[in-house]
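Hello,

Here is the structure I promised to pass on to you. Please open it next to this email, and then read on for what turned up in it.

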Amino acid sequence: MTKEKNFSQWYLDTIFKADLIDYGPVKGTIVFKPYAYRIWEKLQIIVDEEIKKLGVQNVYFPIFIPESLLRKEKEHFQGFTPEVAVVTYAGGEELQEKLVVRPTSETIMYPYFAKWIKSYRDLPLLINQWTNVIRWEKRPFPFIRNTEFLWHEGHTAHRDHNESLSFVLKILAMYEKIYQNILGIYGFAGRKSEAEKFAGALATYTYEILLPDGKALQGCTSHDLGQNFSKVFEIRFQDKDKKLKYIWQTSWAITTRALGALIAVHGDDRGLILPPKVSPYQAVIVPIYGKTNKKKIDNFAQEIQKEIPETYFDATSKTPGYKFNFWELRGIPLRIEIGEKEVQTKKLTLYRRDNQQRLSLTQEDLKNNLENIFKEIEENLLKKSKKFTFDHTFSVNSYNEFKKILTTKRGFIKAFWCENKKCEAKIKEETKATTRCLPIQKSRSKIQEVRSKKNKCIYCGRKAKNEWLFAQSY
Ligand SMILES: [Zn+2]
């Protein structure tokens, strides 16, 4: 099945052919096989290093949340109730209090924040944990919608809103940088609408990615929690002026969904295409043996392997053709072919998975250019993803145009909306498209300012200040 003709079937076929997962025995759960887990592990290391640079420390909180804690913040409780799993029976008896299996950890962490934070000297508190979470999923889709998924969740506490909001945006910028520079995935960073924000947050920021079928995927979240949780969990500190004040909080996450985005955005009909920094191997050496030269080729291959970090030397007894397919399917960025010719000329034949181009380089040139080649691959992936996103982002001025795009091309739609919840709900009901975000404008052009002064909501015709990003979504 081709990606173009039937994206979801192609996606599932590719995942199984590349040996990434098995389905778990409970619907909506998956087994991460070693190759998939290694991709996640590499992304984890990158994220972990970045947040540690910001001063964040790792912790671990228990998986069970007493229901009474989850109930404390009302919006939060209502938001999560439909998707939580609850333990009522354990240790051979009915439990006196139901235990929620962590859907997110605000409500188990924050009573401890109240205990740990007493003075402005205890702030900021910057913690993170790497865990699994459970959110019951009625229509699962591997990596993208799973009942159990892996993530990290950062939680911070600050003295004032300036500081907490700036942290929220710093995290968003970090995610954006990782998506673009490391994963090669273009998207729009922005703020969620009131209806789409995290239950219990003041505001939610997001990175929205367009998948090949024209549906959006939320790539991460960074929440400005304001003082909503600190007020219900009584988290106060004595400030420099001796007054007791509620702390300002943030929480943020990136999940194994990012693997889904990687597969979906970059893959082609030959299989995965992985960016070098998260690929389990950066390169694979495929030997092409003749009748008598195995030893020579192996020696040369081992020499090359030493020079390139994370290179796999595929010395199995399968044919070169089989190995080419096998590693293309798994998306290894670079293939190095070594046969008699390569040994004789001391020139290597390389094959780039991303653009399917062959190169011929001496051992010395390969060593000197390796970093550049990987950088070019990353840039090429981002360029392709950006082009696809722009080619499928449409500005519309009427509701008819809006609806037409959703029934024909699909993609991101930029449209003015009055920010009234009723219009948003009606649009969702009639078209299945939701507001994805209000993109953060890095350099507001003059044209946009002129346009935005006299614009009207595409649904109700009332005055609209901002052009929002809409799409159907996962
Ligand atoms: Zn309206």
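**Helix 6 and its surroundings**

Just after helix 6 comes Gly 184, whose phi is positive, near 65°. Helices here are DSSP runs of H or I with at least four residues, strands are runs of E with at least two, and both are numbered from the N terminus.

Before going further, two notes on how to read all this. This is a predicted model, where local features need pLDDT of at least 70 and side-chain atom pairs count only at pLDDT 80 or more, while totals for chains, interfaces and linings use all residues. Residues are numbered from 1 along each chain as its sequence is written.

How far apart are the end C-alpha atoms of helix 6? They are 31 Å apart, which agrees with the 32 Å that its 22 residues should span at 1.5 Å a residue (the expected span is 1.5 Å times one less than the number of residues).

Several residues of helix 6 are buried, among them Phe 167, Ile 171, Tyr 175 and Tyr 179. A residue is buried if 20 or more other C-beta atoms lie within 10 Å of its own, exposed if 12 or fewer, and partly exposed in between, with C-beta atoms placed from the backbone. The cover over the buried residues of helix 6 includes helix 2 (34-53), strand 8 (148-158) and strand 14 (248-255).

Leu 165 also belongs to helix 6 (residues 161-182), but Leu 165 is partly exposed, because 18 other C-beta atoms lie within 10 Å. Its C-alpha atom is separated by 8.6 Å from that of Gln 249, although the two are 84 residues apart along the chain.

**Helix 14**

Which residues of helix 14 (residues 421-431) are buried? They are Cys 423, Glu 424 and Ile 427. Seen down the axis of helix 14, these buried residues fall within an arc of 100°, so they line one face (the arc is that of the directions from the helix axis to the C-beta atoms). On the other side of helix 14, Lys 421, Lys 422 and Glu 429 are exposed. Strand 21 (412-417) and strand 22 (434-439) are included in what covers the buried residues of helix 14. Lys 432, just after helix 14, takes a positive phi of about 65°.

**The whole chain**

The chain holds 15 helices and 23 strands. Its radius of gyration is 25 Å, close to the 23 Å that the globule rule gives for 474 residues, so the chain is as compact as a globular protein of that length. That radius is taken over C-alpha atoms, and the rule is 2.2 Å times the number of residues to the power 0.38. Of the 474 residues, 38% count as buried.

**Domains**

The chain is divided into domain 1 (7-266), domain 2 (283-389) and domain 3 (393-471), with bounds from an automatic or database domain assignment. The centres of domain 1 and domain 3, taken over C-alpha atoms, are 28 Å apart. Their contact takes 16 residues from domain 1 and 15 residues from domain 3; two residues are in contact if their C-beta atoms, placed from the backbone, lie within 7 Å. On the side of domain 1 that touches domain 3, strand 9 gives the most, with four residues.

Enjoy exploring!
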